[in-house]
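This briefing looks at how charged side chains pair up in a single chain and at how its strands are arranged into a sheet. Please keep the sequence and the structure in view while reading.

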Amino acid sequence: MYRDMKIAALVPAYNEGKHVDRVITTMPDYVDYIVLVNDGSTDDTAEVIKANLTERCTFVNRGENRGLGATLVEANQVTLARTDAELMVIMAGDAQMDPTYLPALLDPLVDNTCEFSKGNRFFSSGSLKGMPRYRVFGNIVLTFLTKIATGYWSIFDPQNGYTAIKRTTAQQLDWEHIATDYSYENDILLQLALVRARIKDVNIPALYANETSTISLAKTIPSLLAVLWRAFWKRIWTLYVIQSFSVIVIFFVLGSLLTTFGLVYGGYELWKIWGVAPLSAAKAVLIAVTLIMGLQFLLGTLILDIMNEPK
């Protein structure tokens, strides 16, 4: 137990025969349960896990490869069904999640300052030395898009999979409809937003092994953008229409309509008279006022949404 609370470590593994044994053997003694899910590995991952199983281990050996997200969803469901762990933490099977930082993730949950904690590699610039620059840039862009989609404006590094969650919060999430691909980390933030869970970032430096990423950016990025797009609209509809009909949605609708009208009408008028005659003063004023009012409503939407983040 950790500070009188039972802990479960969820370990997804795919072709991690060279590393998964270290994950098991270096797991801190205060971790009560280790739930390992082999995602149809084609190497000796299953055999290595079996050779290192202890009494606190639960092993799910899936023959079919379904992806990281599906593996994490299953690990969470198995943990909720087969253990009485009060806190659940993700520990990747590639040994890239240093157990030294596990207390930093667990303490905010035990102290009840949040319901979900996650690693953030961007607290210290030095921890990013091993991360390729294109991944740093991509993470920054995805962070901003995730903020818009989920409403968690104070978090960073949403792709960080080193996370911990309270059992009571995990039980509220719709595990049957969480993304089962590499957008899992982003989609679970939406689920947390819908139950108004508090999130805290924890400073955890990046740790990279001598491995090459197998993620296909051409397939992952469109899927991830689609998940964020759906997440945004689902959050707005659920939180600001169904549950409360907040003034936020009124500001958002007015801002969107006015801004769209100003851009479309202004563009049309400029195209129509381009190189022929100057735009009339009346039309110019109408376009300018419409755009200014629309942008002000959208800015008000942004400010109110930031203020509404679960604290």
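## Salt bridges and sheet order

Glu-269 and Lys-272 lie 3 residues apart in helix H9, which spans residues 247-273, so that about one helical turn separates them. The model is a predicted one, and in it these two residues form a salt bridge whose closest N and O atoms are 3.5 Å apart. By the rule applied here, the count of salt bridges comes to 12.

**Glu-269 and its two lysine partners**

- Glu-269 is buried, its relative accessible area being 3%, whereas Lys-272 is partly exposed, with a relative accessible area of 39%.
- Glu-269 also meets the side chain of Lys-283 in a salt bridge, with an N to O distance of 3.1 Å.
- This second pair links distant parts of the chain, since Glu-269 belongs to helix H9 while Lys-283 belongs to helix H10 (residues 281-307), and the two are 14 residues apart.
- Lys-283 is partly exposed, with a relative accessible area of 28%.

**A salt bridge between two loops**

- The side chains of Asp-157 and Arg-121 meet in a salt bridge with an N to O distance of 2.6 Å.
- This pair likewise links distant parts of the chain, with Asp-157 in the loop between helix H5 (133-150) and strand S6 (163-166), Arg-121 in the loop between strand S5 (116-120) and H5, and the two positions 36 residues apart in the numbering.
- Because buried means under 20% relative accessible area, Asp-157 at 0% falls in that class, and Arg-121 at 11% counts as buried too.

**A salt-bridge network**

- Arg-3, Asp-107 and Asp-111 are linked to one another in a network of salt bridges.

**The sheet**

- The chain contains an open sheet of 7 strands with mixed pairing, in which the strand order reads S3-S2-S1-S4-S6-S5-S7.
- Strand S3 (57-62) and strand S7 (199-203) stand at the edges of this sheet and have a single partner strand each, so one side of each is left without a neighbour in the sheet.
- From one strand to the next, the twist of the sheet averages 20 degrees.
- Strands S5 and S6 run antiparallel and are joined by 3 bridges, and the bridge partner of Phe-116 in S6 is Ile-165.
- S5 and S6 also serve as reference points for the loop pair described above, as Arg-121 lies in the loop between S5 and H5, and Asp-157 in the loop between H5 and S6.

Terms used
Residues numbered from 1 in each chain as written. Predicted model: local features only at pLDDT ≥ 70, side-chain atom pairs only at ≥ 80, totals over all residues. Heavy atoms only, no water. Salt bridge = Lys/Arg side-chain N within 4 Å of Asp/Glu carboxyl O. Helix = DSSP H or I, 4+ residues; strand = E, 2+ residues; numbered from the N terminus. Buried < 20%, exposed > 50% of the residue type's maximum accessible area, 1.4 Å probe, protein only. Pairing = 2+ DSSP bridges. Axes fitted to C-alpha atoms, helices over the stretch in contact; angles between N-to-C directions.
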